[in-house]
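User: Hi! I'm new to this one, could you walk me through it?
Analyst: Happy to, let's look at it together.

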Amino acid sequence: MPRKMIRADVAGAVRDELVRDPAAIPDLPRVAAALFLSVRTLSRRLNAEGTSFRALVDDVRRSRSEHLLGRTRMTTEQIAARLGYAESALFIRAFRRWNGCPPQEFRSRGGQLPGRASALARAVRPR
C-alpha cells in the first residue's frame, strides 16, 4: 500500500526518503513521487521551509561520507560512487568544502574534524 506523507515538515520527509536506502541517494523526481507531490510543489514547499533539495542531499552526503570514512575501509573512489558522484575529485572537493579538510586527512585523524578534538578536550578538561 502506498505510504502518504505524515510528517508536517516536508524537509524532514525528504530527508527520510534520502536516507532510506544506504546504497543510493534518490533524485528529486523519485523523492517527489514517493511523497505524492509534483517536483515543482516539492521544491516550493522546501523553499518555504528555508531549504532546498540540493541542500538536503548535501547534508545527507556529508553525514554518510563521515560515517563511511570513519567506520569502513572503503576507498575514496568507492565512497564517491556510493554517494552518487561521477568522479572522486568532485566528492573530495565537496568534502573539503563541508569539513575544511580532504577525506584522507579526516580518516587519518580517526574520523575527527580539524579543531573538533581540541574543542572537546577543552570542554571536558577539569578546571
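**Helices H1 and H4**

Analyst: Helices H1 and H4 are oblique to each other, because angles under 35 degrees count as roughly parallel, over 145 as roughly antiparallel, 65 to 115 as roughly perpendicular and the rest as oblique. This is a predicted model, where local features need pLDDT of at least 70, side-chain atom pairs count only at pLDDT 80 or more, and totals for chains, interfaces and linings use all residues. Residues are numbered from 1 along each chain as its sequence is written, and side-chain values use heavy atoms, leaving out hydrogens and water.

User: At roughly what angle do the axes of H1 and H4 cross?
Analyst: They cross at roughly 45° and come within 10 Å.

User: Which residues of H1 make the contact?
Analyst: Among them are Val14 and Leu18, meeting residues of H4 that include Leu56 and Val60; contact means heavy atoms within 4.5 Å.

User: New topic: is Ser65 buried or exposed?
Analyst: Ser65 has 0% relative accessibility, so it counts as buried (under 20% relative accessible area; exposed is over 50%, partly exposed in between, with a 1.4 Å probe and protein chains only). Ser65 sits in helix H4 (residues 53-71).

User: What does Ser65 touch, leaving aside neighbours within four places in sequence?
Analyst: Ser65 is in contact with Ile79, Leu83, Phe91, Phe95 and Trp98.

User: And how many aromatic pairs are there?
Analyst: The whole structure has three, counting rings of Phe, Tyr and Trp (its six-membered ring) with centres within 6.5 Å; planes under 30 degrees apart are stacked, over 60 edge-to-face and the rest tilted. One of them is Phe95 with Phe106, edge-to-face at 5.4 Å centre to centre and 70° between the planes.

Key
Helix = DSSP H or I, 4+ residues; strand = E, 2+ residues; numbered from the N terminus. Axes fitted to C-alpha atoms, helices over the stretch in contact; angles between N-to-C directions.
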